[in-house]
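I opened this notebook page to look up a few side-chain arrangements, one after another, and to write down what I found for each.

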Amino acid sequence: MAAASPFTVPALCLAGPTASGKSALALALAQHLPVEIISVDSTLVYRGMDIGTAKPTPAERVAVPHHLIDIREPTESYSAAEFARDAARLIPQIQARARLPLLVGGTMLYFKALLDGLDEMPPADPAVRQQLDERARQQGWPALHAELARVDPATAARLPATDSQRIQRALEVWQLTGRPLSSFHTSKERASSPMDAGAIPLFSLEPTDRAQLQQRIAQRFDAMLAAGLLDEVQALRARPDLTPDLPALRCVGYRQAWQALDEGWPPAALRERGIIATRQLAKRQMTWLRSLPWRRVLATDDAHPPLGWAAPLAAWLQGRVGAPGRPAA
């Protein structure tokens, strides 16, 4: 007979916008409890992309086991459905080691795939993507965004005209199915979730002061630049198998750095555009979070820093106190 779990839940999800302190909180929680971290981040899967993804350091990965990091080359794809299958496989393995699976990251579609299931959408079609890329080279992504606004206004409204990756995917789905991408997100016919959303709580680090989050974003991007982000992107550019059209290299920070090297931007321009793009990412993440009614909010501000939630979370996971934070509004 299996031993009873020492935790109040089978696993725990920790989400939040970029630069909200998720990783630091997870590492702090590991000081209180035996945990293993499952990365819920679509950028950490790529090998050779360390600085611009804020990947955990080798020392941190030795101190606390991490999973789903460095599992793909930048030339390879990794989908939300693949993440859900991988996480569902890892969770019982971690539990069997009497440790708590701690799912940490900011890729909200991955959380949704694991806890809520995904609508059945067509896989990527290289021919359609090549055709869209060629049109974008001739007309520009804003023109394709305008086309998307005609066929799928709901999706276009939430995407900036420069978000080439998501504009391409939305138009690809439209061309392959004749249905707007937004219709899949609202459809009741979706694949079943591999996990029980009610059994695995999702806690969300949410700054109450937007200016404070923006300051943290700027500080983190400055730290990436100081750590050698441009050198890292130069090394990626030197690889003959990599192009800026790959999903991996459209990630925030990498896209701007690649373009800066292409066009000779001054450092101040790269800094400004990188910070703006990161703020836009955080805004999209917060929109996703507000659409997840099962999340429990861990509000942060100057008086309540992210690391302050480590002890209350640990106490709750051990059954000593009630759940911290507040239910989603």
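Entry one, an arginine. I began with Arg 135, which I found in helix H5, the helix that spans residues 126–139. The model is a predicted one, and I read what follows with that in mind. I asked whether Arg 135 is buried or exposed. Its relative accessibility is 18%, and Arg 135 counts as buried because the cut-off for that word is under 20%. I then listed its contacts, leaving out residues up to four places away in sequence, and noted that Arg 135 touches Gly 140, Leu 144, Glu 147 and Gln 175.

Entry two, aromatic pairs. I looked up how many aromatic pairs there are, and the count comes to 3. One of them is formed by Phe 83 and Tyr 110, whose ring centres are 4.7 Å apart with 15° between the planes, and this pair is stacked because its angle falls under 30 degrees. The two partners come from distant parts of the chain, 27 residues apart, with Phe 83 in helix H3 (residues 80–96) and Tyr 110 in helix H4 (residues 108–115). I checked the accessibility of both: Phe 83 is buried at a relative accessible area of 0%, and Tyr 110 is buried at 5%.

I went on to Phe 203 and Trp 316, an aromatic pair with 5.3 Å from centre to centre and 65° between the planes, which is edge-to-face because the angle is over 60 degrees. This pair also links distant parts of the chain, since Phe 203 belongs to strand E5 (residues 202–207) and Trp 316 to helix H14 (residues 310–317), 113 residues apart. Phe 203 counts as buried at 1% relative accessibility, and Trp 316 counts as buried at 13%.

I also noted that Phe 83 and Tyr 110 belong to one aromatic cluster together with Tyr 78.

Entry three, charges over rings. Which ring does the charged end of Arg 273 sit over? I found that ring to be the one of Trp 265, with the charged end 4.0 Å from its centre. I recorded a further arginine, Arg 237, which lies over the face of Trp 258 at 5.4 Å from the ring centre.

Entry four, cysteines. I looked for disulfides and the count comes to 0, the rule being that a pair of cysteine sulfur atoms must lie within 2.5 Å. I looked up the accessibility of two cysteines as well: Cys 13 counts as buried at 0% relative accessibility, and Cys 251 counts as buried at 11%.

Key
Residues are numbered from 1 along each chain as its sequence is written. This is a predicted model: local features need pLDDT of at least 70, side-chain atom pairs count only at pLDDT 80 or more; totals for chains, interfaces and linings use all residues. Side-chain values use heavy atoms; hydrogens and water are left out. Rings of Phe, Tyr and Trp (its six-membered ring) pair if their centres lie within 6.5 Å; planes under 30 degrees apart count as stacked, over 60 as edge-to-face and the rest as tilted. Helices (H or I, at least four residues) and strands (E, at least two) are DSSP runs, numbered from the N terminus. Buried means under 20% relative accessible area, exposed over 50%, partly exposed in between (1.4 Å probe, protein chains only). A charge sits over a ring if NZ of Lys or CZ of Arg is within 6 Å of the ring centre and within 35 degrees of the ring normal. Contact means heavy atoms within 4.5 Å.
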